[in-house]
Amino acid sequence: AGAAKGALRPGRRVRIDGLQKRPELNGTLGKIVRLEDERWLVKVDGRGEMSLSAANLFVVAGEEPEMKRARFAQEDAAGKKSSKDTGSSAEVQEDSEEDEDSEEAAAEAKLEDEDEEKPQHSCWAEDVTTIRMIKGGAGDKSEVGRFTPLFTHQVFYTPGDVLDADENKRTHQELIIGYEEPTLEIVYAANSLKAFIDFRKKTEVETKLLKRDNLSRTSILNCLHKRVPMDYATKLSAVQSEADTPFTPIGTLREEEQLEDGSSLQIFHFIADNPEAVKLVNRMQTFAVWLIETGQAIEVPDPNWNIFTLYRVEKGADNQALHTMLGFYTAHRYWAYDKEKNELDKFRLRLSQCIILPPFQSQGHGARLLRAFYQFGRDDASVMDMSVEDPSSEFQTMRDITGQLLGCSHVLALSFSNALALFFSCLLRARALSFCCWCWEW
């Protein structure tokens, strides 16, 4: 059963579960927008809006955004340090309807009392921030993807005391303060990832009102330039011009796959050791901050960083190739000791960042890049083994199935004994075969 009656309402954070036709969405989070014909319109994190049944929605326990803002202001006025509540996911059972309704009534009453004492001068960054990608030569159809960043708290926050110089002491995480009806859109050229910051607001909140609550206005540009650095364009037209300019991907073409619609998928590999490569990598790293929790940009130039990029290539006007970056992998090369030769002449390749942009997820692109990564290691005699840095459970599943289907389990850096590796190899092959049969039937 989904959330209890009365527990769902606009503005609430919910977890999606129990979907049969779209099982990949189970476990994802979102925010309720409104009720439409007995179904709830939910803004799913990183995926846009979806119409869902109440039976598939489970309220995420924790503070409401408005209550968080009120608490932040109250604690700051008292000179306390506050931090964002993480909360926890829980299903609301129907037998607790009365308790839930009473708690909501008390919370709303408290919120109304606090709202009378302070102005509405802040909003959650995730509610007003959008990333948009455009391609060239397409006119009104230039947009190829739009999504909401997953981890805005890594960009918008008030740092600790500058004298203390401790970035961990943060307040007002995810809050944009000091504007009425702000909107932030970051527009990327889909080929080269040149970007423009488009920040708009109805008006600014009066400074005296902010000072009254011991708050300071969020400097949008400073936050972005400091925490998501890259060579941003000063005009939107510059990004559109970049998207229209003929583009040649950096590096060596490793794989190409023709699609039924006439477009193709291309995977390139390059080393981040020259100015053009460094510029592209720095632009790519902005997605690491937006899409990877505690994500940090890799340091380039560095000849040990191997970059794998995936593009979709379409034919535009005058038969011009239009490139759209769908995702990328970054892998670092480490020296390894060759016991047979008693020499330090081998390398280990370790995947560090594996990003498929949200509009292009659940289409098999992650596995395509992973196969290219494996093949690259097999083709290079100096590579002794390949591994992944701190993989998620989803990535582990994809890695296991992909590795077994390719029959290249020997390139995976496993920490099991040979006997256990053989045992699990058999299990994974059976799992991969079962997975393929399920996909075929579906």
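In what follows, two residues are in contact when they have heavy atoms within 4.5 Å of each other. With that convention in place, I turn to Gln154 in this predicted model. Leaving aside residues up to four places away in sequence, Gln154 touches Arg170, Arg227, Val289, Ile292, Glu293, Thr294 and Gly295. Gln154 sits in the loop that runs between β9 (143-147) and β10 (175-177). Is Gln154 buried or exposed? Gln154 is buried, because its relative accessible area is 11% and the limit for that class is under 20%.

Let me now give the overall picture. The protein has 442 residues, of which 46% count as buried. Its secondary structure comes to 10 helices and 20 strands. Among contacts with a separation of 6 or more, 64% are between residues 24 or more positions apart.

On confidence, the mean pLDDT of the protein is 79, and 73% of the residues reach 70 or more. Two stretches call for separate mention. Over residues 408-422, pLDDT stays under 50, and the model has 19 contacts beyond four places in sequence for that stretch. Over residues 435-442, pLDDT again stays under 50, and there the model has 3 such contacts.

I come next to the strands, beginning with β12. Strand β12 covers residues 183-189, and 6 of these 7 residues are buried. Which strands pair with β12? On one side of the account is β8 (residues 129-134), which pairs with β12 in the parallel sense over 6 bridges. The other is β13, whose pairing with β12 is antiparallel and also runs over 6 bridges. Tyr188 appears in both pairings: Tyr188 is the bridge partner of Met133, and Ala195 in β13 is the bridge partner of Tyr188. β12 and β13 form a hairpin with 5 residues between them, and Leu193 in the turn has a positive phi of about 65°.

Following β13 (195-200) onward, we reach Lys201, in the loop that leads to β14 (203-204). Lys201 touches Tyr179, Glu180, Glu181 and Pro182, again not counting residues up to four places away in sequence. The C-alpha atom of Lys201 is 6.2 Å from that of Thr183, although the two residues are 18 residues apart along the chain. Why is Lys201 classed as partly exposed? The reason is that its relative accessible area is 39%, and the class covers values between 20% and 50%.

A second pairing involves β17. This strand spans residues 305-315 and is mostly covered, with 9 of its 11 residues buried. Strand β16 (residues 264-271) runs antiparallel to β17, and 8 bridges join the two. Within this pairing, Ile271 stands opposite Asn306 in β17. The loop between α7 (275-291) and β17 holds Pro301. The peptide bond joining Val300 and Pro301 is cis, with omega of about 5°.

There are also two backbone angles to report. Asn214 is not a glycine, yet has a positive phi of about 60°. Asn214 lies in the loop between α4 (207-212) and α5 (220-227). Its relative accessibility is 49%, so Asn214 counts as partly exposed. Asp390, likewise not a glycine, has a positive phi of about 50°. The location of Asp390 is the loop between β20 (383-388) and α9 (393-406). Asp390 counts as exposed because its relative accessibility is 71%, and that class begins over 50%.

Finally, I turn to internal space. Rolling a probe the size of a water molecule over the atoms shows where empty space is left. How many cavities of 30 Å³ or more does a search of the whole structure find? The search finds 3. The largest cavity has a volume of about 100 Å³. The residues that line the largest cavity are Arg13, Lys31, Lys43, Val44, Asp45, Gly46, Glu126, Asp127, Thr148, Pro149 and Leu150. By class, this lining has 6 charged, 3 nonpolar and 2 polar residues. Two elements, β3 (39-44) and α3 (125-128), each supply at least two residues of the lining.

How values were computed: Residues numbered from 1 in each chain as written. Predicted model: local features only at pLDDT ≥ 70, side-chain atom pairs only at ≥ 80, totals over all residues. Heavy atoms only, no water. 1 Å grid on protein atoms, 1.4 Å probe; cavity = no way out; pocket = protein on both sides within 12 Å on 5 of 7 lines; lining within 4 Å. Points joined across faces, edges and corners; volume = space filled by probe spheres on them. Helix = DSSP H or I, 4+ residues; strand = E, 2+ residues; numbered from the N terminus. Nonpolar A, V, L, I, M, F, W, Y, C, P; charged D, E, K, R; others polar. Buried < 20%, exposed > 50% of the residue type's maximum accessible area, 1.4 Å probe, protein only. pLDDT = per-residue confidence, 0-100. Pairing = 2+ DSSP bridges.
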